[in-house]
Amino acid sequence: MSARLRWRKFVSNFMLGLTGVCALVSVGVLFLILGYLLYNGGTSVNWDFFTKLPKPVGETGGGMANAIMGSAKLLLAASLIGVPIGFFGGIYLSEFSGSFTASIVRYAADLLNGVPSIVIGIFAYSVVVLPFKHFSTLAGAFALGIMMIPITLRSTEEFLKAVPRNLREGSMALGASKWKTITSVVVPAAYRGILTSILLALARVAGETAPLLFTAFGNRYWSNGWTQPTSSLPVMIFNYAVSPYEDWHRQAWAAGLVLLGLILIINIVARTILSRGIAVPRS
Amino acid sequence: MQAPSKAGLSVNIASTGVTKGESHAALPMRMTISHLNFFYGTKQILFDVSLGIADKRVTALIGPSGCGKSTLLRTLDRMHETVTTARLEGEILLDGQNIMAQDVTQLRRRVGMVFQRPNPFPKSIFENVAYGPRINGFKGPIAEVVEKSLRNAALWDEVKDHLHKSAYELSGGQQQRLCIARALAVEPEVLLLDEPASALDPISTAKIEELLVELKNLTTIAIVTHNMQQAARISDFTAFLLTGQLIEFSPTPHLFTTPTDPRTEAYITGRFG
């Protein structure tokens, strides 16, 4: 074996090893975080955590029922704002707009997707919180809703575009109008993909803290309706983690674990939806 | 269905019982195409094509790839309009009325189409057939329409016990017959088929061909095929197209045994194509 060939074999094996290690590290990080959360938070997740309000400083125990409820309300309202706009916008992009308009909107959506979440928070603060003169669930939902728009829009567009042309022609050949074809053939053929990406968008904004800091703000008690400040899991984690109290640190870990569990469940549901039902064969 | 040799074509025609040498001029026309010129952008695809589609007969369009036969078929239900650069001149009549002046969805209810590749919707077998009547506001007993259409498409016996299974669980040939059933469910006056058997195996092809011969009692059929034997087996009239021009249009037995144009003869004897 010549020296050159030996060298080439060495480089080949070295690079193969390197890529393998990098792959391992990326998976490892996730499991490290999971393990760390379980270790620190696992013991603090109990029934009280899900059912009780936070205790005043100095008293141990209590839970984060209000934060869990607040996160749920925020995500619900955010979906009601972000999903319809993204969904119908995606239909327009995929089915109606010319390629020039589509490229502009697509580019804008990608930019919006890249706007730092804290900036979206400031925006929501100035257009919702300031005019109404107080923090509210709605302001938080508005910020999160904006973040859901580009993800929903782009994925709706992509999944609708993936529906084969011959399905549309099959429908139109039966005398269906374009709109009828979209609502009864194209969207049903793509809905699993669209639903999955909506869930993934939801999972993504579920963990956002920055846009909520000065919109939904926070609340030690149950929120008094949609126009009042509300607690939420990410903001609770932030506040508790930076506090000087040992018991609060413990609860922050627990909240982190619950939040991660929630996101994991959304992801699993999304993937289950994607793998069931009648799939359109790719042609 | 044996594959006939080119020389054996005439014998084969006789054995399939296709009407022999019927005069085209004496028949009532369901559709009439006159002086059709067709363009994609600036590229002209069809040149001055004039042709009649006889009522309750099978008309075949044959010719080599790129001759414009599919384009011609797609103008008959205005499917060409899905391409924005498409433009046409000339006149196409359905029952004496210009199809360009009609509402396109109304037209497509009267002129159905089956495509080259089976394209069932991602729905159940039942829902696939029920789709056409439903979107056209059918309020009666939908199950009867579905059964009748599936029977007419010779598929009922194979699927009657699992109507609510996904259409994708059927074989390719069954899927194509499902698409025919779907088209028949809206009771079209004309059924257009764009190489409906080209993606299928020989047995499925034979079933589709048998079916089409049956169907001409119900409806008028225009079929594009690149398979000359298929045209010979099932059609009453055959149009031969070459580079966008209609070279010859005759009763099928006539076109395949005694073609008048030397180019037709060259094509059907396999000298090109």
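This section describes the two chains of a predicted model, first chain by chain and then at the contact between them.

Chain A is built from helices: its secondary structure comes to 11 helices and zero strands, and the order of elements from the N terminus is accordingly α-α-α-α-α-α-α-α-α-α-α. For the 283 residues of this chain the globule rule gives 19 Å, whereas the radius of gyration is 24 Å, well over that value, so chain A is more spread out than a compact globule. Along the principal axes, the C-alpha trace of chain A spans about 70 × 70 × 35 Å. Buried residues account for 39% of the 283 residues of chain A. When contacts in chain A between residues at least 6 apart in sequence are considered, 75% of them join residues at least 24 apart.

Chain B combines both kinds of element, with 11 helices and 10 strands. Its radius of gyration is 18 Å, which agrees with the value near 19 Å that a compact globule of 273 residues would have. The C-alpha atoms of chain B fill a box of roughly 55 × 45 × 35 Å along the principal axes, and 48% of the 273 residues are buried. Of the contacts in chain B with a separation of 6 or more, 71% are accounted for by residues 24 or more positions apart.

One sheet of chain B is open and has six strands, arranged in the order β6-β7-β8-β3-β9-β10 with mixed pairing. Its edges are formed by β6 (111–114) and β10 (245–251) of chain B, each of which pairs on one side only. With direction ignored, neighbouring strands of this sheet are turned by 15° against each other on average. Helix α7 (residues 172–184) of chain B packs on the sheet, where it touches β6 and β7 of chain B, and the direction of this helix makes about 170° with that of β6(B).

Within this sheet, strand β8 (residues 220–224) of chain B runs parallel to strand β7 (residues 190–194) of chain B, to which it is joined by five bridges. Strand β3 (residues 58–62) of chain B also pairs with β8(B) in the parallel sense, over four bridges. The residue B:Ile223 of β8(B) illustrates both pairings, since B:Leu193 stands opposite B:Ile223 and B:Ala60 likewise stands opposite B:Ile223. The path of the chain from β7(B) to β8(B) passes through helix α8 (residues 202–215) of chain B, and this β-α-β crossover is right-handed.

The environment of β8(B) is mostly covered, with five of its five residues buried. In a regular strand, side chains alternate between the two faces of the sheet. In β8(B) both faces are covered, with B:Thr220, B:Ala222 and B:Val224 buried on one side and B:Ile221 and B:Ile223 buried on the other.

A further open sheet of chain B has four strands in the order β2-β1-β4-β5, with antiparallel pairing. The edge strands here are β2 (43–54) and β5 (97–98) of chain B, each pairing on one side only. Eight bridges link strand β1 (residues 29–40) of chain B with strand β4 (residues 86–94) of chain B in the antiparallel sense, and B:Asn37 stands opposite B:Glu89 in β4(B).

Between the chains, 18 residues of chain A are in contact with 23 residues of chain B. On the side of chain A that touches chain B, the elements giving two or more residues are α7 (165–172) and α8 (178–206) of chain A. By class, this side of chain A comprises 11 nonpolar, five polar and two charged residues. Helix α7(A) contains the buried residues A:Arg168, A:Gly170, A:Ser171 and A:Met172. The buried residues of α7(A) pack against α8 of chain A and also against α3 (104–110) of chain B.

Key. Residues numbered from 1 in each chain as written. Chains lettered and ligands numbered in written order. Predicted model: local features only at pLDDT ≥ 70, side-chain atom pairs only at ≥ 80, totals over all residues. Contact = placed C-beta atoms within 7 Å. Nonpolar A, V, L, I, M, F, W, Y, C, P; charged D, E, K, R; others polar. Rg over C-alpha atoms; globule rule 2.2 N^0.38 Å. Buried ≥ 20, exposed ≤ 12 C-beta atoms within 10 Å, placed from the backbone. Pairing = 2+ DSSP bridges. Axes fitted to C-alpha atoms, helices over the stretch in contact; angles between N-to-C directions. Right-handed = clockwise from strand over helix to strand, strands pointing away.
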